[in-house]
Amino acid sequence: MGCIFSTEAVDDGGPLEIPVQAGEIYVWVPGFREPKQIDLTERLKGTVSAGLAARLQSLRSQIIAVINSGRNSSVMKIRPRRKSLDGNPGEPDLEKALNDYLPTLLGLVTGGEKFSLAVEFPWTNVVDENKETALGSGYYELLSVLHLLGMMAIQEANLCLTPRPTADGFNPKASEDNMRNAIEILLKAASYFECAIKAALPNTPDDIKAKLPADLTETMLRSLELQALGQAMELQLGFAIGNVKASLAVKRRLACENVEVWDEAVQKLATVPLAEALRDKQVLFVKWKLAEAKAAAYYFHGLILDEGYEDNTHAEALSCLKAAHAYLKESQKARTEFGNMEPLTKYDTLNQFLSFKITYR
């Protein structure tokens, strides 16, 4: 189902490089937030030890340096390079920089806020640099780091499924390794958003929650978690479709579970106070995926009914297949509108595994 079933990425174990202005979409990445530079050593004087303040400054500055380096070179390294032959590590990557920062940050917020009045942590939305938010809370900083890790994982999954030119000039279907890697990466993304919802948000002071940007609200984080889960399930359904041993019941179950996930994602996203252009683009994406999931669910349910011998089963099966066809058309319409809406995005052709044909006995 969907455009992500017919893509392939070449992964040689080196760093995955994300084009900053990538327009080719296989997994939708709504938008990054990035930290802005501040002098923590000065602002934390008398609040924490000089050594801890210096460590925080160093770790946070490293994150900003990697982001700026990626912007200047048009790509962002999100996976560590292999060590060189002399044992020296390759150039730093963003995921490593964030993971180095995370334990120190967790130590600071464990047991409650320690410097809410001492320093405000500024972050900005890459899509709209005017939307900078600076809040005096370690939990806000933690939420921002977890959100960025989750968004990076979604972007990495998109890159895994983006086709690369081949020697013969053709773009083959995604290899099983690439698809399985994408599933793992999407589940990792979902885990970051879940951690933010269950571990960080409940401990965030109410006054800070009221000031959180839309990207970090519980409904938005839940919507992103559901998107990652939904696209992972979509890939799992693709494996089931290609497996001759997988029963129709298994395929229907996966499709129905995917419908539930995308339906909740649509509901959550509808309540997020995003900017109109960003919201409309993202809503179209989740509605496209929901319609595809419904098409698959009705399709496989129709095939199961068609195997029955009870009265009216063939008529019911035909009704399901007609519904599947209607939802497929709806998904194609949403997909086209999504691609044509600013910012313009490319998408792969829909994998036509649904035939919507029924054989009458």
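**Strand pairing, a buried lysine and internal cavities**

Strand β2, which spans residues 33-35, pairs with β4 in the antiparallel sense, and three bridges connect the two. The structure described here is a predicted model. Within the pairing of β2 and β4, Glu34 has Thr124 of β4 as its bridge partner. Strand β4 also pairs with strand β5 (residues 132-135); these two strands run antiparallel and are joined by four bridges. Thr124 takes part here as well, since its bridge partner in β5 is Glu132. Thr124 of β4 is thus bridged to Glu34 and to Glu132 of β5.

Strand β4 itself, formed by residues 121-125, is mostly covered, with five of its five residues buried. The residues of β4 point in two directions: Phe121, Trp123 and Asn125 point one way, whereas Pro122 and Thr124 point the other way. Both sets of residues are buried.

A further buried residue is found in a helix. Lys281 belongs to helix α9, which covers residues 276-306. Lys281 has a relative accessibility of 1% and therefore counts as buried, the cut-off for this class being under 20%. Two backbone oxygens lie close to polar atoms of the Lys281 side chain. The backbone oxygen of Phe338 lies 2.5 Å from a polar atom of this side chain, and for the backbone oxygen of Met341 the corresponding distance is 2.7 Å. When neighbours within four places in sequence are left aside, the residues in contact with Lys281 are Trp28, Phe338, Gly339, Met341, Glu342, Pro343, Leu344 and Thr345. Phe338 and Met341 therefore appear both in this list of contacts and as the residues whose backbone oxygens were described above.

Internal space was also examined. The structure holds three cavities of 30 Å³ or more. The largest cavity contains about 100 Å³ of space. Its lining is made up of 13 residues, and those that lie nearest the centre of the cavity are Pro30, Gly31, Asp215, Met220 and Gln282. Two or more lining residues are given by each of the elements α4 (138-160), α7 (218-241) and α9. Helix α9 thus contributes to the lining of the largest cavity and also holds the buried Lys281. By residue class, the lining of the largest cavity divides into eight nonpolar residues, four polar residues and one charged residue.

Methods
Residues are numbered from 1 along each chain as its sequence is written. This is a predicted model: local features need pLDDT of at least 70, side-chain atom pairs count only at pLDDT 80 or more; totals for chains, interfaces and linings use all residues. Side-chain values use heavy atoms; hydrogens and water are left out. Buried means under 20% relative accessible area, exposed over 50%, partly exposed in between (1.4 Å probe, protein chains only). A polar contact is a pair of N or O atoms within 3.5 Å; within protein, one must be able to donate a hydrogen and the other to accept it, and residues adjacent in sequence count only if both atoms are side-chain atoms. Contact means heavy atoms within 4.5 Å. Two strands pair if DSSP finds at least two bridges between them. On a 1 Å grid over the protein atoms alone, a cavity is a set of points where a 1.4 Å probe fits but cannot get out, and a pocket is an open set with protein on both sides within 12 Å along at least five of seven lines; lining residues have an atom within 4 Å of a point. Grid points are joined across faces, edges and corners, and a volume is the space filled by probe spheres set on the points. Ala, Val, Leu, Ile, Met, Phe, Trp, Tyr, Cys and Pro count as nonpolar, Asp, Glu, Lys and Arg as charged, and the others, Gly among them, as polar.
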